[in-house]
Amino acid sequence: MKLKNVLIVVNDIEKSKKFYHDFFGLDMILDNDGNMILTEGLVLQDAKIWKSFLQHDVIPENHATELYFEETDIEGFVTKLERLYPDVKYVNRLMTHSWGQKVVRFYDPDGNLIEVGTPM
C-alpha cells in the first residue's frame, strides 16, 4: 500500500486551482467535475460534494492538517504572496526557528493551513 493523494476541501475549485498554480506551480492532471487532481498529488474537492459525502460540516482553519512546501527564496515568496493576495491570513508571519529554518504559515483562500519553509 502507498499514499497516493492528499485531498483538501475548497469552495471554488477554479480559484483554488489558480492559487496552487500561482504559488506552488501545481498543474491540473484530471478534472472530475468537483474533484480535481493536481500535480504532486494534491486533490481539490468541492465543499458541497464533500459535505454531502460526509454528512458533516466542513470546518476551515481547524489546524488539524497542514500542507508543507519548501522554497529557497522565502522572502521572495512572501513578497509575491502579499502582492497577489494582500488579504492573506497569517498563522505565523515569516520567522526563523531556533534550528535556523525560516518558515511562514498562512491559510489558503478556503482556510487550509499551509507552511512554506526553507529547505533543511
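Visitor: Is threonine 118 buried or exposed?

Guide: Threonine 118 is buried, with a relative accessible area of 13%. This value, like the others discussed here, comes from a predicted model.

Visitor: Where is threonine 118 found?

Guide: Threonine 118 sits in the segment after β8. Its C-alpha atom is separated by 9.2 Å from that of glycine 100, and the two residues are 18 apart along the chain.

Visitor: Let us turn to charges. How many salt bridges does the count come to?

Guide: The count comes to eight salt bridges. One of them joins the side chains of lysine 18 and aspartate 22, at 2.7 Å from N to O.

Visitor: Where do lysine 18 and aspartate 22 lie?

Guide: Both lie in helix α1, residues 13-24. They are four residues apart, about one turn of the helix.

Visitor: Which residue meets glutamate 66 in a salt bridge?

Guide: Arginine 105 does, with an N to O distance of 3.2 Å. This pair links distant parts of the chain, 39 residues apart: glutamate 66 is in the loop between α2 (47-54) and β5 (67-70), whereas arginine 105 is in strand β7 (residues 102-107).

Visitor: And which glutamate forms a salt bridge with arginine 105 at 3.3 Å?

Guide: That is glutamate 115, 3.3 Å being the distance between the closest N and O atoms. Glutamate 115 lies in strand β8 (residues 113-117) and arginine 105 in β7, so this pair ties together parts that are ten residues apart in sequence. Taken together, Glu66, Arg105 and Glu115 are linked in a network of salt bridges.

Visitor: Why does glutamate 66 count as partly exposed?

Guide: Glutamate 66 counts as partly exposed because its relative accessibility is 33%, and that class lies between the limits of under 20% for buried and over 50% for exposed. The other two members of the network fall under the lower limit: arginine 105 is buried at 16%, and glutamate 115 is buried at 7%.

Visitor: Changing topic: how many aromatic pairs does the structure hold?

Guide: The structure holds eleven aromatic pairs. In one of them, the rings of phenylalanine 19 and phenylalanine 24 have their centres 6.4 Å apart and their planes at 65°, so the pair is edge-to-face. Phenylalanine 19 is buried, with a relative accessible area of 2%, and phenylalanine 24 is buried as well, at 16%.

Visitor: What about phenylalanine 24 and phenylalanine 77?

Guide: They form a tilted aromatic pair, 5.8 Å centre to centre, with 35° between the planes. This contact links distant parts of the chain, since phenylalanine 24 is in helix α1 and phenylalanine 77 is in helix α3 (residues 74-84), 53 residues apart. Both phenylalanine 24 and phenylalanine 77 are buried.

Visitor: Which residues form the one aromatic cluster?

Guide: The cluster consists of Phe19, Tyr20, Phe23, Phe24, Phe69, Phe77, Tyr85 and Phe106.

Visitor: Back to α1. Which of its residues are buried?

Guide: They are Ile13, Ser16, Phe19, Tyr20, Phe23 and Phe24. Seen down the axis of α1, these buried residues fall within an arc of 120°, so they line one face of the helix.

Visitor: What span should α1 have?

Guide: At 1.5 Å a residue, the twelve residues of α1 should span 16 Å, and this agrees with the 16 Å between its end C-alpha atoms.

Visitor: What is found at the ends of that helix?

Guide: At the N-terminal end, aspartate 12 caps α1, with a side-chain oxygen 3.1 Å from the backbone nitrogen of glutamate 14. The helix is followed by glycine 25, which has a positive phi, near 70°.

Visitor: Now the largest nonpolar core. Which residues touch the most other members?

Guide: Among its 25 residues, Tyr20, Phe24, Phe77, Phe106, Ile114 and Val116 touch the most other members. Two or more residues of this core come from each of β1 (6-10), α1, β3 (35-38), β4 (42-46), β5, α3, β7 and β8. The largest share, five residues, is that of α1.

Visitor: Which residues of α3 are buried?

Guide: Ile74, Phe77, Val78 and Leu81 are the buried residues of α3. They cover an arc of only 95° around the axis, which puts them on the same side of α3.

Visitor: And which exposed residues does the face turned away from that buried side carry?

Guide: That face of α3 carries the exposed residues Thr79 and Arg83.

Notes
Residues numbered from 1 in each chain as written. Predicted model: local features only at pLDDT ≥ 70, side-chain atom pairs only at ≥ 80, totals over all residues. Heavy atoms only, no water. Salt bridge = Lys/Arg side-chain N within 4 Å of Asp/Glu carboxyl O. Buried < 20%, exposed > 50% of the residue type's maximum accessible area, 1.4 Å probe, protein only. Phe/Tyr/Trp six-rings, centres within 6.5 Å; stacked < 30°, edge-to-face > 60°. Expected span 1.5 Å × (residues − 1). Arc of directions from axis to C-beta. Polar contact = N/O pair within 3.5 Å; in protein donor to acceptor, adjacent residues only side chain to side chain. Core = buried A, V, L, I, M, F, W, Y, C linked by side-chain atoms within 4.5 Å.
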